[in-house]
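Hi everyone, thanks for coming. Let me put the structure up on the screen, and then I'll walk you through a few parts of it.

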Amino acid sequence: MTTKQLTTVTVNGRVYKREVEPRLTLADFLRYELHLGGTHLGCEHGVCGVCTVLIDGRASRSCLTLAVQADGAQVTTIEGLRNRETGQLHPIQQAFVDEHGLQCGFCTPGFIMTTLELLGDNPDPSDAEITEALGGNLCRCTGYETILKSVRLAAERLRGGRLAARTSA
Amino acid sequence: MATELPRLPEQLPTSSVRYVGKEVKRIEDPALVSGTTEFIDNLELPGMLHCAILRSPHPHARIVKVDASAAEALEGVAAVLTPEDVKRWANAHVTSPAGWGTHCVAIDKVLYVGEPVAAVAAVSRALAEDACELIEVEYEILPPVGTAAAALAPDAPVIWGEHGTNVIQQRTYNWGEVDRVFAEADHVITNSFRWNRCGANPTETFGCVCQWDLTDNSLLCHGAYQVPGFWGLARSFSLNLPANKVRVISHPQGGAFGGKGGARGTDIAALLSRKTGGLPVKYIEDRMEYLLAGSSQSWDRHYEASLAVKADGTITGLKVKLLDDQGATTETYGTISVAKPLAAFTGNYRIEAARYDTTLVVTNRAPAAPYRGYGPPPHFFVLENLVDMAARKLAMDPAELRRINYIRPEQFPYTIPSGNEYDSGDYEAVLDKVLKLADYQALRREQAAARARGRLVGISVVSTVEPGVFDWNAYATVGVQGIGVPEGARVSVDILGNITVVVGFNLQGQGQFTVAAQVVADYFGVDMNAVKVTMASTDAAPPHFGQGGSRLGVAITGAVLGACQKLEADFKRVVAHLMGGLPVDAIELMDGRFRIKANPAVGMTVAEVAGTMLGRSDLLPPGMEPNPSATSVWTAPGRNMPDDQGRCRSYLTAANATHVVMVEIDKETGRTEILKYFIVDDCGTRLNPANVEGQLQGAVAQGVGAALLEEYVYDEQANPLVTTFADYLMPSIHEVPITKRDFIVTPSPVTPLGAKGCGEGAIHTTPAAVVCAINDALAPLGVEITETPATPLRVWKLLKQAGAAG
């Protein structure tokens with residue numbers, strides 16, 4: 001057992017202060033300390049991407065990040081996307097529903113968070129750019145086709161309904 | 001029973017089908033994309049403890065001593081489960097064949113790396129893992145059995161002393177005049193094949209929270225349970241409890257694909273709860289535990305197989321000799337995957353005679369588990385490669401060789417030599433459609449041009465059957481008992497007309513809750529999203545099985561329709577009575593209204609009838625219960641006992657597909673790239689087409705993984721060399737081809753609404769199709785690959801052997 005450290009993390013706009021063990025991962029911090037269960041764990045060794053969250057806007061593996069490393073950071077999780085009052089889905093979430101971009105849904109928060117970063121950086125990604133961005137997220141159900149379509153649709157909607165200028169690289 | 005259900009969507013009591021067969025959005029999805037679905041690790045209970053398991057580092061060893069005193073003394077540890085506890089409280093797991101199951105924690109010796117030897121319940125998982133490190137286990141190392149061949153060696157160590165042999169079962173099935181057709185064949189194509197272990201790997205591993213109630217000696221298990229009632233029953237055996245004292249609450253699952261066992265984890269968490277006096281104990285299997293010894297590994301197979309072929313291409317016989325490595329125990333139901341090929345042994349073809357020679361052995365590898373398809377995927381990898389080898393021998397186009405051997409449409413229902421009956425199909429129509437979709441002749445020209453430039457390009461045309469809607473009789477040959485797999489649904493209407501469907505299983509990804517809502521909505525003319533579908537725990541649910549065997553879509557449709565019909569009959573009685581005592585058959589249901597046939601303007605809505613039943617009992621027919629609720633339990637009709645050669649009507653439906661695949665092999669590295677991929681399939685009525693397409697494409701991904709990437713590697717001493725996703729290569733978006741697809745619909749004549757099982761789908765076809773394409777690419781070099789996965793190294797070795805490596 002080691003001495004706990006005071007850690008301050010802003011998650012989905014809300015500030016949390018907790019005394020945590022240095023070995024506690026950010027994923028476990030979010031899930032068990034803050035009870036934000038939407039960030040799932042698939043491998044806990046950084047391969048599958050299921051646990052992806054945004055740390056200061058960058059898609060990151062919360063299973064490979066210690067909570068203490070996120071001290072002072074802004075973290076965005078899947079819980080931060082939906083409209084809190086109305087429950088209305090974020091356009092990326094709605095696109096995954098509309099294009100059947102999920103089956104069991106366990107990996108989906110990770111894909112959506114990766115997509116959130118991608119479309120923030122590049123509102124009009126080509127298929128090759130989408131594929132490159134999603135290459136670190138594993139899905140065992142869909143075979144990726146509908147996920148690709150979901151990201152295309154989300155990009156289109158977030159650009160205000162204009163058709164994607166490039167559908168393939 | 002089933003014969004009275006609607007055979008096609010058009011027979012539903014609606015003038016216009018709005019949901020069934022239409023592409024609808026799944027009712028499951030808004031919660032899943034929001035991260036609010038309660039997967040098991042999201043469940044927290046007051047006072048809950050966390051479990052960690054200490055596992056064997058040895059493939060085969062006697063346990064001399066387990067000293068848990070230091071672990072028990074650690075602050076925050078509530079209990080340590082030792083072999084002594086397990087001996088006192090638990091039984092060995094029930095298996096088929098009987099007698100090859102161990103306890104949840106090894107009690108005298110360990111049989112594989114990763115087998116639990118002790119477990120800890122503590123205030124956190126991290127602390128429980130700390131405590132595991134303090135447990136001292138003294139082992140006496142025993143010689144391991146590393147391979148199936150080693151298991152059969154005369155001087156092999158015997159893993160199960162009480163059996164005196166490493167052979168679980170040796171059985172040969174003869175169907176028809178096998179020796180005659182082989183003697184009369186113009187060509188006999190013979191080869192050996194090796195399918196290495198791969199497996200399910202759902203993104204969520206197994207997890208549970210168990211609580212033992214010491215007051216009435218009962219057990220509550222929350223968990224990622226694929227088949228809740230079945231798991232509950234098994235716990236009653238392993239934990240010495242009456243079955244009605246085991247209550248299972250299944251949580252939504254992050255996939256399963258058959259490979260989500262939880263017997264050991266559940267028993268361990270349950271016994272830890274018992275030992276702590278009844279506190280809830282959570283066990284979440286981590287990925288490394290899963291890869292090492294979860295229900296993660298399937299199909300460890302060595303084949304020798306032969307095809308008898310006439311000069312004109314007629315295939316007359318198939319012989320398959322299988323040596324199957326089940327790993328250390330059979331408690332994860334791996335044996336069943338040896339039995340299942342009987343349901344589709346000869347694939348799409350009119351092969352008159354066949355022999356299946358099976359030897360199932362134990363080794364010190366992890367126990368073999370089910371995986372999507374449950375046995376036929378490796379079998380079809382063998383059969384379809386043999387068909388391609390025959391085509392090369394005869395210099396025939398592989399598509400045309402298949403065409404002349406297909407079962408013809410007018411021959412259905414068709415009984416195959418191994419006994420199962422295929423319900424319907426039109427294989428040639430599927431073939432024609434996929435050849436056109438692929439522009440097959442153009443692909444062949446493209447291949448010829450590529451070959452002329454020295455490139456290794458190959459094409460395959462592979463056809464398979466998907467046995468759908470399993471029944472237990474399919475597994476009788478390995479000791480499974482029983483006929484019939486009940487699946488129930490309860491449909492209830494409340495006082496305001498809202499409809500709820502209660503089922504016995506939970507979400508897993510295939511969208512069956514949506515299917516239930518579609519059927520009810522069309523039956524009673526309500527909005528699909530107004531239908532609530534919910535799961536009941538095992539103590540309250542109707543008889544059920546859950547997901548498995550490409551069955552649940554058909555089965556839940558049957559159950560929901562049956563319940564709707566019962567409600568319809570009761571509601572008609574009420575309406576007939578209220579309309580002045582008309583005969584019941586003067587009333588009909590159409591578009592959500594119970595109306596007088598002779599005067600359709602007069603009628604009552606579903607809500608009005610239900611409201612009357614629950615709120616105005618004085619108006620009901622004499623003797624009628626105020627109960628607008630009905631339960632129906634469906635099972636496949638017409639199933640029968642197997643004969644002495646294992647022959648029976650087992651799987652109810654036979655979907656089929658033909659895949660056309662084009663690959664290129666890189667001479668420098670041996671790496672295979674899938675250039676083009678085309679699919680046409682026929683699974684009868686597509687209840688929710690988007691679901692079906694998703695199942696298909698997803699199964700392609702798993703098939704590509706099995707064909708090219710995924711392998712559980714062991715050394716000769718049964719030490720696992722693959723324990724992370726860095727070693728076990730899961731297909732990513734970069735490796736999975738986006739397939740071009742089309743379909744035909746031959747409605748099943750024997751199922752509700754004409755749907756056929758389609759949940760396992762393309763994994764039957766893709767591994768064979770990819771490897772056949774690789775072999776087509778390699779054919780000019782005179783080498784072929786007969787082992788999965790066709791990794792770059794394996795292919796490169798063949799290129800080198802042929803003098804063609806770059």
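I'll take the core, then the chain contact, then one helix.

A quick note on conventions: this is a predicted model, where local features need pLDDT of at least 70 and side-chain atom pairs count only at pLDDT 80 or more, while totals for chains, interfaces and linings use all residues. Residues are numbered from 1 along each chain as its sequence is written, and chains are lettered from A and ligands numbered from 1 in the order in which they are written.

So, the core. The largest nonpolar core (buried Ala, Val, Leu, Ile, Met, Phe, Trp, Tyr and Cys residues joined through C-beta atoms within 7 Å) has 314 residues. Buried here is 20 or more other C-beta atoms within 10 Å of a residue's own, with C-beta atoms placed from the backbone. Among those with the most contacts inside the core are B:Cys51 and B:Val120. The most residues, 13, come from helix α16 of chain B, residues 552–578; helices are DSSP runs of H or I, at least four residues, numbered from the N terminus.

Next, the contact between chains, meaning C-beta atoms within 7 Å. Chain B brings 39 residues and chain A brings 40. On the chain B side, α18 (689–709) and α1 (29–34) each supply at least two residues, and α18(B) gives the most, with six.

Last, look at α2 of chain A, residues 91–98, where A:Ile92, A:Gln93, A:Ala95, A:Phe96 and A:Val97 are buried. What do they pack against? The partners are α3 (108–121) and α5 (145–158) of chain A, together with α1 of chain B. Just after α2(A), A:His100 has a positive phi of about 55 degrees.

How values were computed:
A residue is buried if 20 or more other C-beta atoms lie within 10 Å of its own, exposed if 12 or fewer, and partly exposed in between; C-beta atoms are placed from the backbone. Two residues are in contact if their C-beta atoms, placed from the backbone, lie within 7 Å.
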